[in-house]
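The following note collects several points for a colleague who is examining this structure. Please read them beside the sequence and the coordinates.

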Amino acid sequence: MTVASLDDVDLAAKLSKAEGLERLGAAQRRLLTLRLQAGGQIGGGDLGPPLCVLFEGWDASGKGGAIRRLTAPLDPRHVNVAQFAAPNAREKRHHFLWRFWPELPGWGGMAVLDRSWYGRVLVERVEGFAEQAEWERAYDEIVSFERGLCGEGVVLVKFWMHVSEKAQRDRFNSRKRDPLKSWKLTDEDWRNVAKRAEYERAVSDMLRYTDHRYAPWRVIAAENKPYARVAVVEAVIEALEQGLRDAGQQPISLDAML
């Protein structure tokens, strides 16, 4: 479901495990076909548009699991997964968008961003790492930046993985009890959930001011993991198929090739 408001998300959306696996498998196969086409490995050999998929969302909302399912069918040489944390001292000397440029894909390429330039209007806003004037002007800077990318042919897919505060706390407690997952949980995570209301205001503003026709936000109901993972992969397929058409290339049907 594609919306640009947290209030419009149906967090009860779900798929059974069996249906989720069936749809996910079909979607992964379709994505692999499209990526091979865009990379020039099958079809006429022409490179397809750059594909950039960025993930934002609540801590413990399932970004990592969604990224794994999205990239699982792909040759690791054909996709770049980049993770972004707080900028280092060198990066702080530049405009906040500077550090993201090297990770962006070229024609035929694909990049997945685990966190992104939206940190300026989320964590940097809420935690006071950016001045109010800085994060307020960042909305227009980000939209201009994205429009420029899309004007060059980039297919930009933006996800906000959404869960309720209760679901987030339940997942935190589950991680705390699991010795193989407890390393994911930090004191900062608990501090962030204590500021949930402030972050919700920041997220709502982000969706309102940076949702545009070139790169709309896709808010994913992520409390049911099978549903969220399928929704992510199917949304990327839809965007890539349209991107290929916009580039003058007809998306390949695997059945027609057999």
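1. In this predicted model, Glu141 and Arg137 are joined by a salt bridge, with 3.7 Å between the closest N and O atoms. Both residues belong to helix α4 (residues 132-151), where they stand four residues apart, about one turn of the helix. Glu141 is partly exposed at a relative accessible area of 25%, and Arg137 is likewise partly exposed, with a value of 45%.

2. A second salt bridge to note links Lys166 to Asp170, and here the closest N and O atoms are 2.9 Å apart. About one helical turn separates Lys166 from Asp170, because they are four residues apart in helix α5 (residues 165-177). Lys166 counts as exposed because its relative accessible area is 60%, beyond the 50% limit for that class. Asp170, at 38% relative accessibility, is partly exposed.

3. Helix α7 (residues 196-210) offers a further case. The side chains of Arg196 and Glu200 meet in a salt bridge with an N to O distance of 3.0 Å. The two residues are four positions apart in this helix, so about one helical turn lies between Arg196 and Glu200. How accessible is Arg196, and is it buried or exposed? Arg196 is buried, with a relative accessibility of 4%, whereas Glu200 is partly exposed at 31%. Elsewhere, Glu56, Asp59 and Arg115 are joined into one network by salt bridges that share partners. In total, the structure holds 15 salt bridges. Side chains of opposite charge can pair when their charged atoms come close.

4. Lys158 deserves a separate comment. This residue is found in strand β4, and it counts as buried because its relative accessibility is 0%. Which groups does the side chain of Lys158 contact? A polar contact of 2.9 Å joins it to the side chain of Glu146, and the side chain of Lys158 also reaches the backbone oxygen of Thr210 at 2.8 Å.

5. Thr210 is located in helix α7 and, at 0% relative accessibility, is buried. Besides receiving the contact from Lys158 at its backbone oxygen, Thr210 directs its own side chain to the backbone oxygen of Met206, at a distance of 2.5 Å.

6. Strand β4 (residues 155-162) and strand β5 run parallel and are joined by five bridges. Which residue of β5 is the bridge partner of Met161? The partner is Ile220.

7. Strand β5 (residues 217-221) is mostly covered, and five of its five residues are buried. In a regular strand the side chains alternate between the two faces of the sheet. On one side of β5 are Trp217, Val219 and Ala221, and on the other are Arg218 and Ile220; these residues are all buried, and both faces of the strand are thus covered. Ile220, the bridge partner of Met161, therefore belongs to the side that also carries Arg218.

8. The second largest pocket has a volume of about 390 Å³. Its lining comprises 18 residues, and those closest to its centre are Val154, Val155, Tyr214, Gly243 and Asp246. Helices α4 and α8 (225-246) and strand β4 each supply at least two residues of this lining. Which element gives the most to the lining? It is α8, with five residues. By residue class, the lining of the second largest pocket divides into 10 nonpolar, four polar and four charged residues.

9. A last point concerns Gly148, which lies in helix α4. Gly148 is partly exposed, with a relative accessibility of 39%. Gly148 and Gly109 are 39 residues apart along the chain, and 17 Å separates their C-alpha atoms.

10. Several of these points meet in the same elements. Helix α4 holds the pair Glu141 and Arg137 and contributes to the lining of the second largest pocket. Strand β4 holds Lys158, is bridged to β5 and also supplies residues to that lining. Helix α7 holds the pair Arg196 and Glu200 as well as Thr210.

Technical notes: Residues numbered from 1 in each chain as written. Predicted model: local features only at pLDDT ≥ 70, side-chain atom pairs only at ≥ 80, totals over all residues. Heavy atoms only, no water. Buried < 20%, exposed > 50% of the residue type's maximum accessible area, 1.4 Å probe, protein only. Pairing = 2+ DSSP bridges. Salt bridge = Lys/Arg side-chain N within 4 Å of Asp/Glu carboxyl O. 1 Å grid on protein atoms, 1.4 Å probe; cavity = no way out; pocket = protein on both sides within 12 Å on 5 of 7 lines; lining within 4 Å. Points joined across faces, edges and corners; volume = space filled by probe spheres on them. Nonpolar A, V, L, I, M, F, W, Y, C, P; charged D, E, K, R; others polar. Polar contact = N/O pair within 3.5 Å; in protein donor to acceptor, adjacent residues only side chain to side chain.
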